[in-house]
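Student: I have a structure open and don't know how to read it. Can we go through it together?
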Amino acid sequence: MVAIRIGIEQIEQIRHHAENTYPEECCGLLLGRIADRDKLIVEVRQTENSWEVELTELLPIKTGSKRNRFSIAPEVLLKLQKEARDRNLSIIGIYHSHPDHPAIPSEFDRAIAWQQYSYIIVSVQQGRAQDIRSWTLDETHQFQSEEILTNEP
Ligand SMILES: [Zn+2]
């Protein structure tokens, strides 16, 4: 079983971001390292939710708004990928929020997800961040939950 290690302050950062963008979804990148089978998050980077309806032309699911969709612009992804590499880090995954929905991946999330990435989802109920969970794809492209370990008691 794979676990994802993340600091309390980074969890807080994700929760704040999610509350700030409510009722729209927030999104961002998880930078870190893979040690044995554990994933260590070193830094959380906010990105803009650049979801646009026009994007749906390219995607398998063609409905939605920023209230239930997110998108990270490819140029932002490339820039942060390079920055991470320069610092000996990798992009370990992506986080986003689910306004007024549980922290469970949607069919849309599954459709756009990449193998190996971790997907942290925070549920925001009526403006307040609640449950936070992490998911990763298995060999059959289904999400399995992965344990989140924090570095403080
Ligand atoms: Zn989602």
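Student: Which residues have the most contacts inside the largest nonpolar core?
Tutor: They are Ile-14, Leu-30, Ile-120 and Val-122, in a core of 26 residues. A nonpolar core here is a set of buried Ala, Val, Leu, Ile, Met, Phe, Trp, Tyr and Cys residues joined through C-beta atoms within 7 Å. A residue is buried if 20 or more other C-beta atoms lie within 10 Å of its own, exposed if 12 or fewer, and partly exposed in between, with C-beta atoms placed from the backbone. Before going on, note that this is a predicted model: local features need pLDDT of at least 70 and side-chain atom pairs count only at pLDDT 80 or more, while totals for chains, interfaces and linings use all residues. Residues are numbered from 1 along each chain as its sequence is written.

Student: Which elements each supply at least two residues of this core?
Tutor: Strand E1 (3-6), helix H1 (8-21), E2, E3, E4, strand E5 (118-125) and strand E6 (128-137) each do. The largest share, five residues, comes from E5. Helices (H or I, at least four residues) and strands (E, at least two) are DSSP runs, numbered from the N terminus.

Student: What is Leu-30 in contact with, leaving aside its neighbours within four places in sequence?
Tutor: The list is Ile-41, Val-44, Ile-91, Ile-92, Gly-93, Ile-94, Tyr-95, Ser-118 and Ile-120. Two residues are in contact if their C-beta atoms, placed from the backbone, lie within 7 Å.

Student: Is there a general reason to expect a core?
Tutor: In soluble globular proteins, nonpolar side chains tend to be buried together.

Student: Zooming out, how many helices and strands are there in the protein?
Tutor: Three helices and seven strands. From the N terminus on, the order is β-α-β-β-α-β-α-β-β-β. The radius of gyration is 15 Å, close to the 15 Å that the globule rule gives for 153 residues, so the protein is as compact as a globular protein of that length. That radius is taken over C-alpha atoms, and the rule is 2.2 Å times the number of residues to the power 0.38.

Student: What do the seven strands in the barrel run like?
Tutor: The barrel is closed and runs E1-E3-E2-E4-E5-E6-E7, with mixed pairing. The twist averages 35° from one strand to the next. Two strands pair if DSSP finds at least two bridges between them.

Student: How many bridges join E2 to E3?
Tutor: Nine, between E2 (residues 27-35) and E3 (residues 38-47), which run antiparallel. Leu-29 stands opposite Arg-45 in E3. The two strands form a hairpin with two residues between them, and Asp-36 in the turn has a positive phi of about 55°. E2 also pairs with E4 (residues 90-99), in the antiparallel sense over six bridges. There, Gly-32 has Ser-90 as its bridge partner.

Student: And E1, does it run parallel or antiparallel to E7?
Tutor: Parallel, with four bridges joining E1 to E7 (residues 143-150). Ile-6 stands opposite Thr-150 in E7. E1 is also joined to E3 by two bridges, and those strands run parallel.

Student: Which residues of E1 are on the covered face?
Tutor: Ile-4 and Ile-6, while Ala-3 and Arg-5 are on the uncovered one. In a regular strand the side chains alternate between the two faces of the sheet.

Student: New topic. Does H2 lie largely in the open or not, and why?
Tutor: It does, because the number buried of the 13 residues of H2 is one. H2 (residues 74-86) reaches 18 Å from its first C-alpha to its last, close to the 18 Å expected at 1.5 Å a residue. The expected span is 1.5 Å times one less than the number of residues.

Student: Anything odd in the loops?
Tutor: A cis peptide bond joins Tyr-22 and Pro-23, with omega about 5°. Pro-23 lies in the loop between H1 and E2. In the loop between E4 and H3, Asp-100 has a positive phi near 55°.

Student: Is Asp-100 buried or partly exposed?
Tutor: Asp-100 is partly exposed, with 13 other C-beta atoms within 10 Å.

Technical notes: Axes fitted to C-alpha atoms, helices over the stretch in contact; angles between N-to-C directions.
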